[in-house]
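Here is a short briefing on the structure shown below. The points are grouped by topic.

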Amino acid sequence: MNGAHDMGGMDGFGPVMPESDEPLFHAAWERRAFALTLAMGRPGGWNIDMSRFARENRAPIDYLSKSYYQLWLAGLETLMAERGLVTADEIDAGRPLHPAKHVSVLSAADVAPMLTRGAPTEREAAVPARFGVGDRVRAKELHPRTHIRLPRYVRGRVGTIELVHGAHVFPDSHAHGGGEQPQWLYTVAFEARELWGDDADPTSRVSVDAWDSYLEPA
Amino acid sequence: MADHEHHHHHDHDHSELSETELRVRALETILTEKGYVDPAALDELIETYETKVGPRNGARVVAKAWSDPAYRERLLHDATAAIAELGYTGRQGEHIVAVENTPATHNMVVCTLCSCYPWPVLGLPPVWYKSAPYRSRVVKEPRAVLAEFGVTLPQDTAIRVWDSTAEIRYLVIPMRPVGSDDLEEDQLADLVTRDSMIGTGLACPPAEITE
């Protein structure tokens, strides 16, 4: 999806504004929204790619006008509504209006094991890697309306395979209930001039992590 | 941005936050009443990230790499395993790659698509890391972004930006500061800032710590 979330190389956002002694959360609601989002992963049953798509798949003006945790909240509401866990009329009313579904709930004792375990994405590879370190590859021109993790600024550009990470869960299918469909994952390094033209810093390079089907030999 | 615009924007945010605050409260009530969340689990999640997980973890990793050559080798070869040796594992750190700054190359990390960040070693990301200015610009003009953090590198230092578009998380090992030869590992960890492990800063010279 070519959404507003895909920001690499976009102009006009102004300077970076570091904040001295920044608090971990800037408001009490951010702390709650963070915890609610993490806690709802188990009863909700969605995966990280579904979560990302739910946050990103919105009108650019909506995406850009929301703060980070407002996007988390909006994504959470979308995921819950899609599964009939909590519906919009309930949020408007501020109380449950429909019967609860039977779900598995995260207990306090489950928190540490869940966080420690995380959700590793490496899987056994079904086929040998198509590319090796040093190979030249071109990022394909891919513009699906669905989830994708290949940023726009590298599409069509030629880079060099720098790292080979094994096979990893493919977000494009995983975000839409299409299963893990693991593919080889590579770090591809692009010269800044290849991405941004002759005026770019000749000493700088940018790399992205790209799945096999995002790439073709160059 | 002009001052008055900044203030206007701030006020606007403020009124929206109140609306958001009410919405989050409503949601928490509904989720609790429906039995989908256990309030004790919410407290445990917040407690964990407020008190146990943060950049101090990453600083210990870097300090160990600076003082123990065998550990540094393990970290560069398989950062996930080397970091797990110190007990830092899990969510948003399932697959970590450590990249080392040298006089010839400076590394920086971003996620242009969302705000992926190595939680087990750095904690939750600061607002600027998640912001549109950082995400949009660091891949295109890394030196200008560094300058906004007060970091100016020699023109012949190559800059390498790592855009974490998959589940691989990157940890920058900053250069060990000059004058730190006599310090113990614990003291070295005090020199390692959060920003130096993202690549938007450098490790502190010992003189700035020991006043």
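Across the interface of chain A and chain B, the rule finds 8 salt bridges. The model is predicted. On the chain A side that touches chain B, helix H1 (residues 28–44) of chain A gives the most, with 12 residues. The whole structure, over all chains, has 29 salt bridges.

**The interface of chain A and chain B**

- In chain A, 91 residues are in contact with chain B, where 75 residues take part.
- The two chains bury about 7,300 Å² between them. Carbon and sulfur atoms carry 62% of that area.
- Polar contacts between chain A and chain B come to 39 residue pairs, counted with both residues at pLDDT 80 or more.
- By class, the side of chain A that touches chain B holds 51 nonpolar, 19 polar and 21 charged residues.
- Strands also pair across the chains: strand E5 (residues 204–211) of chain A runs parallel to strand E3 (residues 158–163) of chain B, over 5 bridges.
- In this pairing, A:Val208 stands opposite B:Asp163 of E3(B).

**Salt bridges between the chains**

- A:Arg52 and B:Glu167 form a salt bridge, with their closest N and O atoms 2.6 Å apart.
- A salt-bridge network links A:Asp49, A:Arg52, B:Glu167 and B:Arg169.
- A:Glu162 and B:Arg160 form another salt bridge, at 3.1 Å between the closest N and O atoms.
- This pair joins two chains, because A:Glu162 lies in strand E3 (residues 158–168) of chain A and B:Arg160 in strand E3 of chain B.
- How accessible is A:Glu162? A:Glu162 has 26% relative accessibility, so it counts as partly exposed.
- Is B:Arg160 buried or exposed? B:Arg160 has a relative accessible area of 4%, so it is buried.

**Salt bridges within a chain**

- A:Arg42 and A:Asp110 meet through their side chains in a salt bridge, 2.8 Å from N to O.
- That pair links distant parts of the chain. A:Arg42 sits in helix H1 of chain A and A:Asp110 in helix H6 (residues 108–117) of chain A, 68 residues apart.
- A:Arg42 is partly exposed, at 32% relative accessibility. A:Asp110 is also partly exposed, with a relative accessible area of 24%.
- In chain B, B:Arg72 forms a salt bridge with B:Glu73, and the closest N and O atoms are 2.8 Å apart.
- B:Arg72 counts as partly exposed at 28% relative accessibility. B:Glu73 counts as partly exposed at 46%.

**Helix H2 of chain A**

- Why is helix H2 (residues 48–56) of chain A described as largely enclosed by the rest of the structure? The reason is that 8 of its 9 residues are buried.
- The buried residues of H2(A) include A:Asp49 and A:Arg52, together with A:Met50, A:Phe53 and A:Ala54.
- Both chains help to cover the buried residues of H2(A). From chain A, the cover includes H1, helix H3 (60–65), helix H4 (68–82) and helix H7 (171–174). From chain B, the cover includes strand E4 (168–173).
- At the start of H2(A), a side-chain oxygen of A:Asn47 comes within 2.9 Å of the backbone nitrogen of A:Asp49.

**Strand E4 of chain B**

- E4(B) is mostly covered, with 6 of its 6 residues buried.
- Both faces of E4(B) are covered. One side has B:Ile168, B:Tyr170 and B:Val172, and the other has B:Arg169, B:Leu171 and B:Ile173.
- E4(B) pairs in the parallel sense with strand E1 (residues 95–100) of chain B, over 6 bridges.
- B:Val99 stands opposite B:Val172 of E4(B).

**Chain B overall**

- Chain B has 12 helices and 4 strands.
- Its C-alpha atoms fill a box of roughly 55 × 45 × 40 Å, taken along the principal axes.
- Chain B has 211 residues, and 55% of them count as buried.
- Of the contacts in chain B between residues at least 6 apart in sequence, 67% join residues at least 24 apart.

How values were computed:
Residues are numbered from 1 along each chain as its sequence is written. Chains are lettered from A and ligands numbered from 1 in the order in which they are written. This is a predicted model: local features need pLDDT of at least 70, side-chain atom pairs count only at pLDDT 80 or more; totals for chains, interfaces and linings use all residues. Side-chain values use heavy atoms; hydrogens and water are left out. Contact means heavy atoms within 4.5 Å. Buried area is the accessible area (1.4 Å probe) that two parts lose on being put together, summed over both. A salt bridge is a side-chain nitrogen of Lys or Arg within 4 Å of a carboxyl oxygen of Asp or Glu. A polar contact is a pair of N or O atoms within 3.5 Å; within protein, one must be able to donate a hydrogen and the other to accept it, and residues adjacent in sequence count only if both atoms are side-chain atoms. Ala, Val, Leu, Ile, Met, Phe, Trp, Tyr, Cys and Pro count as nonpolar, Asp, Glu, Lys and Arg as charged, and the others, Gly among them, as polar. Two strands pair if DSSP finds at least two bridges between them. Buried means under 20% relative accessible area, exposed over 50%, partly exposed in between (1.4 Å probe, protein chains only).
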